[in-house]
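Visitor: Please take me through one part of this model in close detail. I would like the aromatic rings and what surrounds them.

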Amino acid sequence: MKILHVIPSVGSHRGGASQAVLEMLQSLKNTKVNVELVTTNDNGTDLLDVPLCQLTQYQEIPTRFFPRFSPQVSFVREFAFSWELTKWLWKHIHEYDLVHIHALFSYASTVAMIIARFQQVPYINQPHGLLCEWSLQQSQLKKKIYLSLIERSNLQHSHILQLTSTKEVQEVELLGLGVPPVVMPLGLQIPADIPQARQKLREMFNIPPEQTIILFMSRLHYKKGLDYLIPALSKVKSKEFTFILAGNGSPDYETEISEILINHQLDHCTHRPGFVTGEMKDTLLQGSDIFVLTSHSENFGVVVLEAMAAGLTTIVTPGVALASMIQENDVGYVPELDIVEITSVIEHCLNHSQKSKEMGDRARQFILDNYTWDKIALKMVSVYEDIIFRSPTSC
């Protein structure tokens with residue numbers, strides 16, 4: 001099988017979906033599927049320093065980068081228009097058995113679906129949460145028009161929608177697209193153990209050796225519910241802790257978070273390392289004790305898997321799509337998005353550290369058994385085979 005993946009960007013500034021796609025393709029390569037990736041050199045406000053318009057190896061994936069149109073007008077730049085990408089897809093898309101298209105409301109995704117339809121190449125779309133209610137409410141009018149005029153027809157010609165959770169399925173079904181969904185969670189590459197991570201992390205931030213570390217690690221954005229989490233932490237009276245707030249966001253929102261921390265008298269016990277990757281990220285995950293993500297809406301939340309795989313006691317709110325999995329398997333806590341409830345669960349974890357550790361150990365084993373990319377990749381290959389070898393084209 002020869003599978004082409006298309007995504008607007010693999011830049012780190014575009015969040016977890018970009019990294020997840022790269023890890024997905026690395027695992028698919030191990031199944032002997034012939035995969036290639038087409039994308040742009042977009043990286044948020046910047047551009048990736050990569051070879052353009054040629055096949056290159058990017059994080060071990062055969063990849064073609066095409067130049068993004070980069071005017072000063074931000075909403076045009078965000079659309080990631082690329083004429084060179086268009087020409088290449090038109091000329092070569094028929095050489096592939098299937099096209100796996102990631103994301104929506106962006107030029108690369110839209111034009112790939114249009115060209116695949118015209119040339120009758122089967123394709124699937126993986127929207128990465130962009131059809132969920134919360135996402136559609138952002139820039140609502142623009143997305144409503146775009147969906148009505150272009151993307152609805154594109155999506156309805158997709159063989160399947162690859163969605164990551166039952167929660168996403170439920171929200172997408174409200175749109176009445178009539179396209180069969182396949183639930184396929186994102187996976188995880190288990191990092192190497194950091195020797196003495198707990199000690200290293202405490203030395204790094206000058207934290208007392210036995211003090212509990214509560215970790216938040218995600219993009220800093222209004223939807224992450226920090227206006228609930230920080231007040232909840234300020235009400236925790238039962239035990240001393242250190243709060244590590246890892247991630248970055250817009251300058252205005254980062255300033256707002258600083259003010260919330262000061263107003264709730266948590267600035268003295270909070271460390272903010274910013275956006276983290278590599279060994280620093282692994283040290284934070286492996287050296288902390290409790291992970292908290294209090295999002296209003298989270299299509300999946302790979303960082304939740306990462307925290308669980310590291311054995312952390314995990315606390316998420318119902319808006320996180322993985323919340324139902326956590327509850328059903330008793331591998332974490334799911335308080336409502338409510339300051340009092342979040343406070344109560346954190347207090348419980350601090351006061352019952354041994355029970356919390358046992359839950360973290362169960363969570364780690366559950367992730368190893370069910371959510372590694374190797375296991376997910378085998379399921380994806382089965383989906384590809386079903387479309388290519390057994391299903392008639394719907395184009």
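Guide: What follows starts with the whole chain, then goes to the rings, the loops beside them and one pocket.

This is a predicted model, in which local features need pLDDT of at least 70, side-chain atom pairs count only at pLDDT 80 or more, and totals for chains, interfaces and linings use all residues. Residues are numbered from 1 along each chain as its sequence is written, and side-chain values use heavy atoms, with hydrogens and water left out.

The overall frame comes first. The chain has 16 helices and 15 strands; helices (H or I, at least four residues) and strands (E, at least two) are DSSP runs, numbered from the N terminus. Its C-alpha atoms fill a box of roughly 65 × 45 × 40 Å along the principal axes. The radius of gyration is 22 Å, which agrees with the value near 21 Å for a compact globule of 395 residues. That radius is taken over C-alpha atoms, and the globule rule is 2.2 Å times the number of residues to the power 0.38. Buried residues make up 55% of the 395. Buried means under 20% relative accessible area, exposed over 50%, and partly exposed in between (1.4 Å probe, protein chains only).

Now the rings. Rings of Phe, Tyr and Trp (its six-membered ring) pair if their centres lie within 6.5 Å; planes under 30 degrees apart count as stacked, over 60 as edge-to-face and the rest as tilted. By this rule there are 11 aromatic pairs. One of them joins Tyr58 and Phe65, edge-to-face, at 5.1 Å centre to centre with 80 degrees between the planes. Tyr58 and Phe65 are both buried. Another edge-to-face pair is Phe79 with Tyr146, at 6.1 Å centre to centre and 70 degrees between the planes. Phe79 lies in the loop between helix H2 (74-78) and helix H3 (83-92), and Tyr146 in helix H6 (residues 140-156), so the pair ties together parts that are 67 residues apart in sequence. Phe79 is partly exposed, at 27% relative accessibility. Tyr146 is buried, at 15%. Both rings belong to one aromatic cluster with Phe69, Phe81, Phe105 and Tyr107.

Next, the neighbours of Phe79. Ala80 lies in the loop between H2 and H3. Ala80 has a positive phi of about 60 degrees, although it is not a glycine. At 2% relative accessibility, Ala80 counts as buried. Arg68 sits in the loop between strand S6 (61-66) and H2. Arg68 is buried too, at 6% relative accessibility. Arg68 and Phe79 are 11 residues apart in sequence and 8.9 Å apart in space, C-alpha to C-alpha.

One more ring has a charge over it. The charged end of Lys2 sits over the ring of Tyr96, 4.9 Å from its centre. The rule asks for NZ of Lys or CZ of Arg within 6 Å of the ring centre and within 35 degrees of the ring normal.

Last, a pocket. The second largest pocket holds about 360 Å³ of space. A pocket here is an open set of points on a 1 Å grid over the protein atoms alone, where a 1.4 Å probe fits, with protein on both sides within 12 Å along at least five of seven lines; lining residues have an atom within 4 Å of a point. Of its 19 lining residues, the closest to the centre are Glu240, Phe241, Leu266, His268 and Cys269.

Terms used: Points joined across faces, edges and corners; volume = space filled by probe spheres on them.
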